[in-house]
Amino acid sequence: MAKTIVAVDCMGGDNAPGEIVKGAILAANKNKKILVKLVGIEDAIKAELAQYTYDEAQVEIVPATEVIETAEPPVIAIRTKTDSSLVKAMKLVKEGEAHAVVTAGSTGATLVGGQLLVGRIPGVKRPPLAPLIPTNKKPALLIDCGANVDAKPQNLVQFAKIGSVYMENVIGVKNPRVAIVNIGAEEEKGNALVKEAYGLLSIENDINFVGNVEARDIPNGDVDVIVCEAFVGNVILKLYEGVGAVLLKKVKSALMSNIKTKVGALLIKSKLKETLKDFQLEQYGGAPLLGLNGLVVKTHGSSKANEIKNSVLQCVRFNEMEINKKIQEKLSDN
């Protein structure tokens, strides 16, 4: 049985290496088709591994002596810290020794390293960062949320195609509905970028383009692939996270306000927990940087073990469904 090999940057993020190693082991224990390569300071990784029971055939340590810090200039860090955990993890993908990288480290270094080290699929102009976000119906793909703040209309068309491939093959959404983020539903609304991209998307025959989507309608779940340039996408993502956290606090506060509400909270506890779980972003794993010669998954810098676990697990279907091959085929159809 062929394994999906995932290189995990154990030194990136606020909770490294503890939560990173824990998440990788949780993923390996859940899916026997995974081999995790834990990249980082060897002694620190071994100390964390000593806490867990796991199949040693599924876990390998790849020593690295350096760490790229969040505040470092991304290009300089990638080029000078060649023995860092992030660079070594990405080189494993470049050299065919891993299928994917999972990191909670510097976003800038991840984006730079993905393009300089892993490299782009032929035909991909701008690899987009694309997280799944919760909606009232099922998860939707937000593409792009942070990689290309100066995207051109043609880039947004590619994002739509790449996102359609991902949603159909990884998430299982048949003929995914694609929409572009705008300030109104009408075709004539928006800035020059959105207007031109709308025109290009409307004549594409190999995607299910349904028009504009306003930000307030995204949570309804009426579209599957939400296309935008990175500035808009990042604002949407951060607002999603912020509003979700505030609402959760408000709900908890209301339920704990007096004896009656506490009794009510006890009665609905299990159902409420199940409902709120749907709107916890970490359950979907990290954001894949799509369009590279391998998979790079960027998780939150504050990621705990559960998000790392889900990020590693999402690499399996990506690899088994040969998403990169399908993306290249989709882009070469025209």
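**Entry 1: the loop after H6**

I began in the loop between H6 and S7, where asparagine 175 sits. The model is predicted, so I read local features with its confidence cut-offs in mind. Asparagine 175 is not a glycine, yet its phi is positive, about 50 degrees. I noted the general rule beside it: most residues other than glycine have a negative phi. Glycine 172, which follows H6, also has a positive phi, near 85 degrees.

**Entry 2: H6 itself**

I then stepped back to H6. How many of its 19 residues are buried? I found 16, which leaves H6 mostly covered. I checked its span too. The end C-alpha atoms are 26 Å apart, and 1.5 Å a residue predicts 27 Å, so the two agree.

**Entry 3: H6 against H7**

Next I looked at H6 (residues 153–171) beside H7 (residues 192–202). Their axes come within 8 Å and cross at roughly 50 degrees. An angle from 35 to 65 degrees falls in the oblique range, and H6 and H7 are therefore oblique to each other. I recorded the crossing as right-handed. On the H6 side, Pro153, Gln154, Leu156, Val157 and Ala160 make the contact. They meet Leu193, Glu196, Ala197, Leu200 and Leu201 of H7.

**Entry 4: S7 and its partner**

I followed the chain on to S7 (residues 177–181). Four of its five residues are buried, so the rest of the structure largely encloses S7. S7 pairs with S8 (residues 208–213) in the parallel sense, over five bridges. Which residue of S8 is the bridge partner of alanine 179? I found glycine 211 there.

**Entry 5: the six-stranded sheet**

I turned to an open sheet of six strands. Its order is S3-S2-S1-S4-S11-S10, and the pairing is mixed. S3 (59–63) and S10 (287–289) are the edge strands, each paired on one side only. The twist averages 25 degrees from one strand to the next. H5 (residues 107–118) packs on this sheet and touches S4, S10 and S11. The direction of H5 makes about 175 degrees with that of S11. Within the sheet, S1 (residues 4–9) and S2 (residues 34–40) pair in the parallel sense over six bridges. Threonine 4 stands opposite isoleucine 34.

**Entry 6: H4 on H5**

I stayed with H5 and looked at its neighbour H4 (residues 85–94). The two axes come within 10 Å and cross at roughly 35 degrees. This crossing is right-handed as well. Among the contact residues are Leu86, Val87 and Met90 of H4, with Ala109, Thr110 and Gly113 of H5.

**Entry 7: H1 and the loop before it**

I went back to H1, residues 18–30. H1 has 13 residues and reaches 18 Å from its first C-alpha to its last, close to the 18 Å expected. Its buried residues include Gly18, Ile20, Val21 and Gly23. S1, S2, H2, S3 and H10 are included in what covers them. Proline 17 lies in the loop between S1 and H1. I found a cis peptide bond joining alanine 16 and proline 17, with omega about -5 degrees.

**Entry 8: two last loops**

A cis peptide bond also joins isoleucine 143 and aspartate 144, with omega about 25 degrees. Aspartate 144 is in the loop between S6 and H6. Finally I looked up glutamate 322, in the loop between H10 and H11. Its phi is positive, near 50 degrees. Is glutamate 322 buried or partly exposed? At 45% relative accessibility, glutamate 322 counts as partly exposed.

Technical notes: Residues numbered from 1 in each chain as written. Predicted model: local features only at pLDDT ≥ 70, side-chain atom pairs only at ≥ 80, totals over all residues. Heavy atoms only, no water. Pairing = 2+ DSSP bridges. Helix = DSSP H or I, 4+ residues; strand = E, 2+ residues; numbered from the N terminus. Axes fitted to C-alpha atoms, helices over the stretch in contact; angles between N-to-C directions. Contact = heavy atoms within 4.5 Å. Expected span 1.5 Å × (residues − 1). Buried < 20%, exposed > 50% of the residue type's maximum accessible area, 1.4 Å probe, protein only. Parallel < 35°, antiparallel > 145°, perpendicular 65-115°, else oblique. Left-handed = near helix turned anticlockwise from the far one by under 90°.
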